[in-house]
Structures are given as structure tokens and as C-alpha cells.
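Biologist: Hello! I would like to learn how the words used for a structure are earned. Could you walk me through this one?

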Amino acid sequence: MTDSTIAIIGGTGLTSLNGLEITRREVMHTPYGEPSGPITHGVLAGREVMFLARHGYGHTIPPHRINYRANLWALKNAGISRVVAVAAVGGITAEMYPPRIVFPDQIIDYTWSRGHTLFEEDLSHVTHVDFTEPYCSELRQCLLASARSIGLDAHDGGTYAATQGPRLETRAEVDRLERDGCDVVGMTGMPEAGLARELGLGYATCAVVANWAAGRGEGAGEISMEDVEKNVSEAMVNVRRLLEAVIPTM
Ligand code: HPA
């Protein structure tokens, strides 16, 4: 392992990584409790990587119950310095159509009551981290360049609205998110990105548009879970190709 080892946090539709030659699984205990599962160590496209399924390997942990602090702390202490976070989102603005891949460059946090900071106990001084640019621009550029090099229809930039879930939004809530300047909406972007920053990890999100957000898209009826699953599995084929392309360039 090198100090530039990369972690991939897999979300809905990515609970395992095809093509990852698994070398071992590591159970980690943290001062914040248990992570979503053991860390999977392996080799992908010739590079050592670590993988963690955000919702657990059986996809059983809902977004508001994920122990984000334990997940990020465990990865950091396993030795990684950078994180590519894969996450399903709903598309709000016109460019964010399913099953597109988007690399957001901003985020707004609408979540509550989640363990969202590592800086609350045993402090020698109150700590505020800068979060002006919530995503690592270098990592975003690597993702974007690799996506372009393999011909993916990927969108550069956009604001991610992190909502509490687990229910989806109302049409009025999505209207408000759009007025706030949000382009996509998901339930796991925060506090994950903020914790990565507190830990000094480079962090970028590869968002997969699983559906039009509530009240968006043609017809704008109810959100069909069948369509969500279909879009996610279609997009994950591309995400896997993207990860294999980007890992050797990082
Ligand atoms: N809203 C919030 N989270 C999501 C959505 C959505 O429409 N689709 C996938 N994750």
C-alpha cells in the first residue's frame, strides 16, 4: 500500500466491484462505532484499492443510519488518502437526465441528526475546516478526463442537494432545491464529504442519475422503482468502466 491508495465507496447498485482482485477483508473498529462492513482490499487495474459498500454489502443500511464517521475514519486509518464516492441521485435540472454520470462541484446539506463531525469531543481548540470547494478538483479532473477518454456521457459540475431520506422528495421540495441552485438530489453526500475534508482526504463524487427527481422529467408522475433499478444497472456498467480507466491515472 502507498500513501496514495484510493478508496471507492460504493452506493446503491455498487455493493461489490467486478474486476477487483480481492486480497483480503479487514474488520475495523472505530471510536465512532462500526463501519458499514469490513474494508475490502484488492487490486483494480493494476493498483491497490480499498472498497467499502456504504449501505452494507447486503444493501441493508438506509442513508440516515449509515455510520459515516466510522466509515471515513476506518478508511483513513486503513491508509487511504483519496476517496471516489459513487452515489445514485435524482436529476433536477435539464442536463441531469438518467442514466447520466455527473461529477458535482458543489453541495448543499439539508440533512439533520447525523453524526456529522469528528471535532466535538476532547478538543484542545474549536476546529473549523474550510469547505468552500467541497470536492477535490484534482480528483474531479481525473474522473472527467477518464470519462471523456472512454466516451462516457458525463457532466462536469453541478450542485448536489443532500437530503435526509429515506423517503424521496415532494415536488415542492424539489422546486425549492432548484430555487436554491441544486442540480441533483441524493441522500448520502453529507456528512460524507464534510468528514472526508475533516480527515484531510481528497474526495470526489461520481453521481449516477437514477431517476428524474419528483415532479421533473416527461410526464412527471410517480417515481418508478423499476425505472430507478434499470437506470442504475445501466449506469453501473459505465461506472465500472470509468473506475478501471481512472484508477491507473491517479
Ligand atoms: N432523491 C433523493 N435521493 C435519490 C433520488 C432522488 O430522487 N434518486 C436516487 N437517490
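Modeller: Gladly. Before we turn to the record, keep in mind that UniProt positions are given in the numbering used here, and that annotations may be inferred rather than shown by experiment. The model itself is predicted.

Biologist: Thanks! Which residues does UniProt list for "binding site" in the unreviewed entry?

Modeller: The UniProt record lists Met187, Asn211, Trp212 and Ala213 under that name, in an unreviewed entry. Of these residues, Met187 and Asn211 are included in the lining of the largest pocket. A lining residue has an atom within 4 Å of a pocket point, so Met187 and Asn211 earn the word "lining". Asn211 is found in strand β11, residues 202-212.

Biologist: What makes a residue part of the group around the ligand?

Modeller: The test is a heavy atom within 4 Å of the molecule. The residues that pass are Ala88, Val89, Gly90, Leu168, Glu169, Val185, Gly186, Met187 and Asn211.

Biologist: Which strands supply at least two residues of that shell?

Modeller: They are β5 (82-91) and β10 (184-186). The most comes from β5, which gives three residues.

Biologist: How many residues of each class does the shell have?

Modeller: It has five nonpolar, three polar and one charged. Glycine counts as polar here, so Gly90 and Gly186 from the shell go into the polar class.

Biologist: Why is the pair between Glu169 and the ligand called a polar contact?

Modeller: A polar contact is a pair of N or O atoms within 3.5 Å. An N or O atom in the side chain of Glu169 is 2.7 Å from a nitrogen atom of the ligand, so the pair qualifies. Gly90 passes too, because one of its backbone N or O atoms lies 3.3 Å from a ligand nitrogen. For Val185, a polar backbone atom is 3.5 Å from a nitrogen atom of the ligand, so this pair also meets the cut-off. As for cover, the ligand on its own has 260 Å² of accessible area, and the protein covers 91% of it.

Biologist: How do you know that the ligand sits in the largest pocket?

Modeller: "Sits in" requires more than half of a molecule's atoms to lie within 2 Å of the pocket's grid points. The ligand sits in the largest pocket, so it has met that test.

Biologist: Where else does UniProt place the feature "binding site"?

Modeller: In an unreviewed entry, the record places it at Thr12, Arg54, His55 and Thr188. These residues span 177 residues in sequence, yet no two of their C-alpha atoms are more than 10.2 Å apart, so they gather at one spot. From this set, Thr12, Arg54, His55 and Thr188 belong to the lining of the largest pocket. His55 has its place in the loop between β4 (47-53) and α1 (68-78).

Biologist: Which residues does a cis peptide bond join, with omega of about 0°?

Modeller: That bond joins Gly165 and Pro166, and Pro166 lies in the loop between β9 (159-162) and α3 (171-179). Another cis peptide bond joins Pro98 and Pro99, with omega about -5°. Pro99 is found in the loop between β5 and β6 (101-103).

How values were computed. Residues are numbered from 1 along each chain as its sequence is written. This is a predicted model: local features need pLDDT of at least 70, side-chain atom pairs count only at pLDDT 80 or more; totals for chains, interfaces and linings use all residues. Side-chain values use heavy atoms; hydrogens and water are left out. A polar contact is a pair of N or O atoms within 3.5 Å; within protein, one must be able to donate a hydrogen and the other to accept it, and residues adjacent in sequence count only if both atoms are side-chain atoms. Accessible areas come from the Shrake-Rupley method with a 1.4 Å probe; for residues, only the protein chains shown count as cover. On a 1 Å grid over the protein atoms alone, a cavity is a set of points where a 1.4 Å probe fits but cannot get out, and a pocket is an open set with protein on both sides within 12 Å along at least five of seven lines; lining residues have an atom within 4 Å of a point. Helices (H or I, at least four residues) and strands (E, at least two) are DSSP runs, numbered from the N terminus.
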